[in-house]
Amino acid sequence: MRIRITAYIIRVAASMLAVVGLTWAVSAHAAGYPAKPVTFVVPFGAGSATDLLARALSASLTQQTGQAVVVENRPGASGMIAAQHVARAAPDGYTVLITTNTTQAANPHLFKKLPYDPVADFTPLTGLGRGGQILVVKADSPYRTADDLIRAAKQAPGKLSFGSGNSSSRMAGEMFKQLTGTDIVWVGYNSNPNALNDLLGGHIDMMVIDTVTGLSQIEAGKLRPLGASTQERLIQLPNLPTLDEAGIKGYDMGYWFAAYVPAGTAAPIVAEMRQLLIKAVASDGAQAFFRNSATQAWTTTSAELNQFQAAETQKWGSVIKAAGIEPE
């Protein structure tokens, strides 16, 4: 019996030493990281919202670590150029994708073939920020509520129109049609500001526009907001009901920013970069970006971002399929 107890104690001690050794190895692996400049790859051009956020975060990381952080813009092909670049980068924690729902949730349904896998090719780090959109009409429009607009659309199918200049805005309009059972004609533009100009000129009847673009026009009295696209009311317009509150149950279509590294990046490096980014999101520079862009700071665990991305991908897929949009 004594021999058995002694053997058991030895096994337990060995297991404890193994755990300690693993913990030491993990800590040692992350020690000194980052030891050289880090690159933030952005799928959109300089001056875009994603670019501005990446630059605010990079300033904080440099302050935290003493290492330079290079923001590298690789725009084009709906973000696919940048995403592919990061997917093929060395999984060493020195190349980080600062991106949006476009590359990680929408593209799989908008294109027949992607040069990257939004799930298999990346390890999620954390969410960074979430923003809402606003259903707007011209200030002198006869539609004073979302219900007014819905009734008019049902009375004259195919007569009303909505414009959009990006995928988030278009899908928000398509979701409005689907959840209200209305037939509203989509008019495409190469940017939301161009669609906004036509709305103000009376050439289209409505659009669902990002808050930062629409807010100034609302404050100037040129646009009338009818509802927020998110499940929670917008901080910038606390008295504006959400579209869900306005009777379009289940309506939820915003945009988000998140950070990823190539798949295969070591867990200690993932954990360290995630913590650096979370601190960066809380920095003065990032908080100024969130205020100026009408975006809310939003951080997650890697697992939470993975689950959120899966749900968003499914939602985008459902809306795109119901809208009859054929992948390019």
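These legends walk through close-up views of salt bridges in a predicted model.

**View 1. Glu174 and Arg170 pair up inside helix 6.** Here the two side chains meet in a salt bridge, with 3.3 Å from N to O. Both residues belong to helix 6, which covers residues 167-180. They sit four residues apart, and that is about one turn of the helix. Glu174 has a relative accessibility of 4%, so this residue counts as buried. Arg170 comes in at 16%, so Arg170 counts as buried too.

**View 2. Asp244 reaches Lys249.** This salt bridge has its closest N and O atoms 3.9 Å apart, which still fits because the cut-off is 4 Å. What about the surroundings of each partner? Asp244 is buried, with a relative accessible area of 16%. Lys249, on the other hand, is exposed, with a relative accessible area of 58%.

**View 3. Lys315 and Glu312 join up within helix 11.** The closest N and O atoms of this salt bridge are 2.9 Å apart. Helix 11 runs over residues 302-322 and holds both partners, three residues apart, or about one turn of the helix. Lys315 shows 19% relative accessibility, and it counts as buried because the limit is under 20%. Glu312, at 8%, is buried as well.

**View 4. Asp147, Asp148 and Arg151 form one network.** In this last view, salt bridges with shared partners link these three residues together. Stepping back to the whole model, the count of salt bridges comes to nine, and the pairs shown above include Glu174 with Arg170 and Lys315 with Glu312.

Methods
Residues are numbered from 1 along each chain as its sequence is written. This is a predicted model: local features need pLDDT of at least 70, side-chain atom pairs count only at pLDDT 80 or more; totals for chains, interfaces and linings use all residues. Side-chain values use heavy atoms; hydrogens and water are left out. Helices (H or I, at least four residues) and strands (E, at least two) are DSSP runs, numbered from the N terminus. Buried means under 20% relative accessible area, exposed over 50%, partly exposed in between (1.4 Å probe, protein chains only).
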